[in-house]
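Work through the exercises below with the structure open. Each task is followed by a solution in steps.

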Amino acid sequence: MTKTTTSPDEQPCIVARDAAVKHGNRTVWDHGTFEIPTGSVTAIVGTNGAGKTTMLNAELGLIPLSGGSITVLGKPAGEANAQIGYVPQTYTTEIDASLTALQSVLLGLTGNRFGFHPVTKKQQAKALEALDYVGIAKDANLRLSQMSGGMRQRVAIAQALVSEPKLLMLDEPLANLDLQSQHTTVHILAKLNQELHMTIQVVAHDLNMLLPILTGAIYLLDGHPHYACVNEVLDAKLLTHLYGTTVQVVQTPQGDMFVTPESDLHFGTNTGEADTHTVREVTHFHEHNGSHAADKDHADTNNAAAPHTEATTPHCAAPAATTASAAMDACATAQSTHSSASEEQ
Amino acid sequence: MTSAMTYDPDWMTTLNAAFMQNAFLAGLFISLAAGIVGYFTIARKSTFASHALAHIALPGATGAVLLGVPVELGLGVFALGGALVIAALGKKASQREIATGTVLAFATGLGLYFARMSSSASQQLQSILFGSILTITDDQIISFAVFDVLLVILMAFIYRPLLFSSLDEPVARAKGVPTGLLNVLFMAVLAGVITIAVPAVGTLLIFALVITPAASANVLTTSPFAAMVVATAICLFSIWGGLVVATMFPAPPSFVIVTISVVIWGICKVVEKNRN
């Protein structure tokens, strides 16, 4: 570790040290060593079953670690949960019980209090304020069962916000939402990050919508969670391995970046099969130094993806400019930890 | 309510009989318990469990008759045992429902087996399956009242955490609400409600008394508390209305009670459909 923290503000929000989780005898992931900077917007990315939601549960202290440690907001995982807002992916489930948006948000303030406590005017005002922040104050008295998935998700975010958390965790907040609702959600997250300086962590399998606000990502690649800042994650070859299918990073003339599955044109020269490396080969991608020596055996993929990758490089620091330098520092830290970990293997 | 129908002096005499007074009182206590618990049962998606518990309690009831102990004791012990087993099965709905349904089927069979082992249990079987609200005793009324008082005190204490864990289980768990403990507690309360409601409408029809009024109330109200009040009112209207109508036109009270509850639910469903 070359850089030490100078002020409490710069203390990382989440620190994992050799963290590991098991479901029964099966290791979900291990050797999780990373730091998530305070004030960042981080995606947790990986294929289905890679343990993304498990990561959130571990950070919330809801499942025990089988090894190592995770520190959240300066305390062991689970002990600072009062300062964490959590939005699980439950807004898609059917709600039969009568409950208004406002009452749902109020539970975020009063739901963990035993005993007889009538709702105060102040709590009511706070809940309305949270609903106003996500833009649905006018629908405060609407039943959840009458709301669309997008609106219910905003209610869930308001419920997480109302207790004024420092860290907001969302599980697949964009899944099952139409394009407009996805935009709205991303906009709300950006506002929370910039105006309220909330650290945000998002489980996502589609990065595109989040790219403009993303500082970095925890990627669950080969069973070991790592943190990388956004310019390193936006690497076609890394993403290809992450998703197990050929992916390219495209930049439009306007400067927007997209992650897309490779177009059909390339399948003429390609075998069309998903890129399937062994764990040993994949560890080379952890180096993030651009020289993917291990990939000689996948020359077609290389040829197809490389030009795009290079084109994006000069723009790496463009998204989230305000937090970019902090993120770069974090990356330097992550990388040094990282290469030492690789050497051990 | 009864004043509107005082034109028939004969059935007014019946309504004033001691057993009828007990039936009305039992209806009041059952409605309060069912109204409160029904909302949570729906919010927790445990309606099938409530149906199953009544059936799991059946061998307890017939077994109690066989052993010569009070029916409520057998009902309560089996319902509580079943509740704890279902609570232990956790919240994985699909697995839980298969296990619950399997135990339900076995328990119903066992209930029949116990009933056939003695003639007195066999005679009791029909009243346990379909209820006999007209035979509620003074002692039962007292135990219902005690149960309701304890229930209201407990609910006032755990109201918000139980609501949070019922409606947003993962978030509540992350916020430190003891969701596992509340689940066990809730299932135990549900077993208690089933135990006091079975004598009124029986194990087969209990769903219409605990769940159906709460489902109707969910359509008519927007807040959990209002839903519980309205569910209690619908339940009370069904039982009292059922008693009055069944006295005017001789019919099994359980049938009329369930019919009223179901008709109200049907109307609510139409209201909901037109609203959306």
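**Exercise 1: a strand pair and its sheet**

Task: find the bridge partner of A:Leu168 in β8(A), then place the strands in their sheet and find the helices on it.

Solution.
1. The partner of A:Leu168 is A:Ile200, which lies in β8(A). The model is a predicted one.
2. This bridge leads to the strand pair: β7 (residues 167–171) and β8 (residues 199–203) of chain A run parallel and share 5 bridges.
3. Helix α5 (residues 179–195) of chain A packs on the sheet and touches β3 (41–45), β7 and β8 of chain A. The direction of α5 makes about 155° with that of β8(A).
4. Read across the whole sheet: 6 strands of chain A form an open sheet with mixed pairing, in the order β6-β7-β8-β3-β9-β10.
5. At the edges are β6 (84–87) and β10 (225–229) of chain A, each paired on one side only.
6. From one strand to the next, the twist averages 20°.
7. Helix α4 (residues 149–161) of chain A also packs on the sheet, in contact with β6 and β7 of chain A. Its direction and that of β6(A) make an angle of about 165°.

**Exercise 2: the side of chain B that touches chain A**

Task: determine which helix of chain B gives the most residues to the side that touches chain A.

Solution.
1. Count the contacts: 27 residues of chain B meet 24 residues of chain A.
2. List the elements of chain B that each supply at least two residues: α2 (18–43), α8 (138–167), α9 (169–174) and α13 (224–248).
3. The helix that gives the most is α8(B), with 8 residues.
4. Sort this side of chain B by class: 17 residues are nonpolar, 6 polar and 4 charged.

Methods
Residues are numbered from 1 along each chain as its sequence is written. Chains are lettered from A and ligands numbered from 1 in the order in which they are written. This is a predicted model: local features need pLDDT of at least 70, side-chain atom pairs count only at pLDDT 80 or more; totals for chains, interfaces and linings use all residues. Two strands pair if DSSP finds at least two bridges between them. Helices (H or I, at least four residues) and strands (E, at least two) are DSSP runs, numbered from the N terminus. Axes are lines fitted to C-alpha atoms, for helices over the stretch in contact, and angles run from 0 to 180 degrees between N-to-C directions. Two residues are in contact if their C-beta atoms, placed from the backbone, lie within 7 Å. Ala, Val, Leu, Ile, Met, Phe, Trp, Tyr, Cys and Pro count as nonpolar, Asp, Glu, Lys and Arg as charged, and the others, Gly among them, as polar.
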